[in-house]
Amino acid sequence: TADLAIVTTYLPPVTQSRAALTRYFSRDGVDRDLVADLVAARQDAECSAWSRQLESYKLRLIIDRQQLEEYCAEPEYYQMVLRPEELEEQLVAWTRWFSSSALEIALSPEPIDIPFMLQGDTVIIRGDRRNRSEPRPGRLSGMRLRDKKIAEEFRRESWSLIQLTETHFKDKAFIAPWAESLARRYRTDYRRSH
């Protein structure tokens with residue numbers, strides 16, 4: 001099985017809340033049932049693609065922990081504030097993928113300056129925010145670099161991030177309840193402010 005590393009500042013899109021996506025795309029009076037069907041079809045396709053990745057690769061998912069905590073404190077989808085149950089749905093979807101032995105996770109205490117995906121000798125520079133289709137002006141996104149030396153530098157970076165991560169933030173059994181606690185904290189804060 002080949003290795004695939006994803007070093008990122010956000011949860012994988014496959015984890016997005018179906019309820020939040022449906023709410024977002026039906027805001028302008030679009031038929032909610034039609035939107036729900038389209039969202040379900042898109043998410044099912046993303047889940048299938050993610051499953052195929054887990055069957056084909058040993059996947060290392062390295063996430064910037066501070067960015068994840070900030071997102072869970074103020075979660076949004078394209079500037080639409082998520083409801084507590086939508087964040088919970090997203091975190092449950094994320095932790096559901098933990099069951100795969102092909103998935104290794106590290107929540108890095110170190111900031112991730114350049115999100116990237118590394119597959120063999122190919123590095124793909126990724127968008128630096130959750131709204132991948134709208135990268136910040138002046139930022140590179142989707143650039144593919146096919147060079148053994150460059151890939152080796154990025155490989156070292158990914159291993160360095162894993163080594164700097166505390167043991168419990170690489171332990172799926174610890175991360176799942178930790179994510180639940182972030183969702184509970186957001187639910188409490190949301191109720192206070194609404």
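**Exercise 1.** What radius of gyration would a compact globule with 194 residues have, and what does the protein chain have?

*Solution.* Start with the model: it is predicted, so local features need pLDDT of at least 70 and side-chain atom pairs count only at pLDDT 80 or more, while totals for chains, interfaces and linings use all residues. Residues are numbered from 1 along each chain as its sequence is written, and side-chain values use heavy atoms, leaving out hydrogens and water.

Next, take the rule: 2.2 Å times the number of residues to the power 0.38, with the radius taken over C-alpha atoms. For 194 residues this gives a value near 16 Å, and the protein chain, at 17 Å, agrees.

**Exercise 2.** Find what percentage of the protein chain's residues is buried.

*Solution.* Apply the cut-offs: buried means under 20% relative accessible area, exposed over 50%, and partly exposed in between (1.4 Å probe, protein chains only). Buried residues then make up 45% of the 194.

**Exercise 3.** Describe the ring pairs around Tyr24.

*Solution.* First, the rule: rings of Phe, Tyr and Trp (its six-membered ring) pair if their centres lie within 6.5 Å; planes under 30 degrees apart are stacked, over 60 edge-to-face, and the rest tilted.

Now the whole structure: it holds eleven aromatic pairs. One of them joins Tyr24 and Phe25 edge-to-face, 4.9 Å centre to centre with 90° between the planes. Tyr24 also pairs edge-to-face with Tyr77, at 5.1 Å and 85°.

Check the burial too: Tyr24 and Tyr77 are both buried, whereas Phe25 is partly exposed at 38%.

Finally, put it together: ring pairs link Tyr24, Phe25, Tyr77 and Tyr78 into a cluster.
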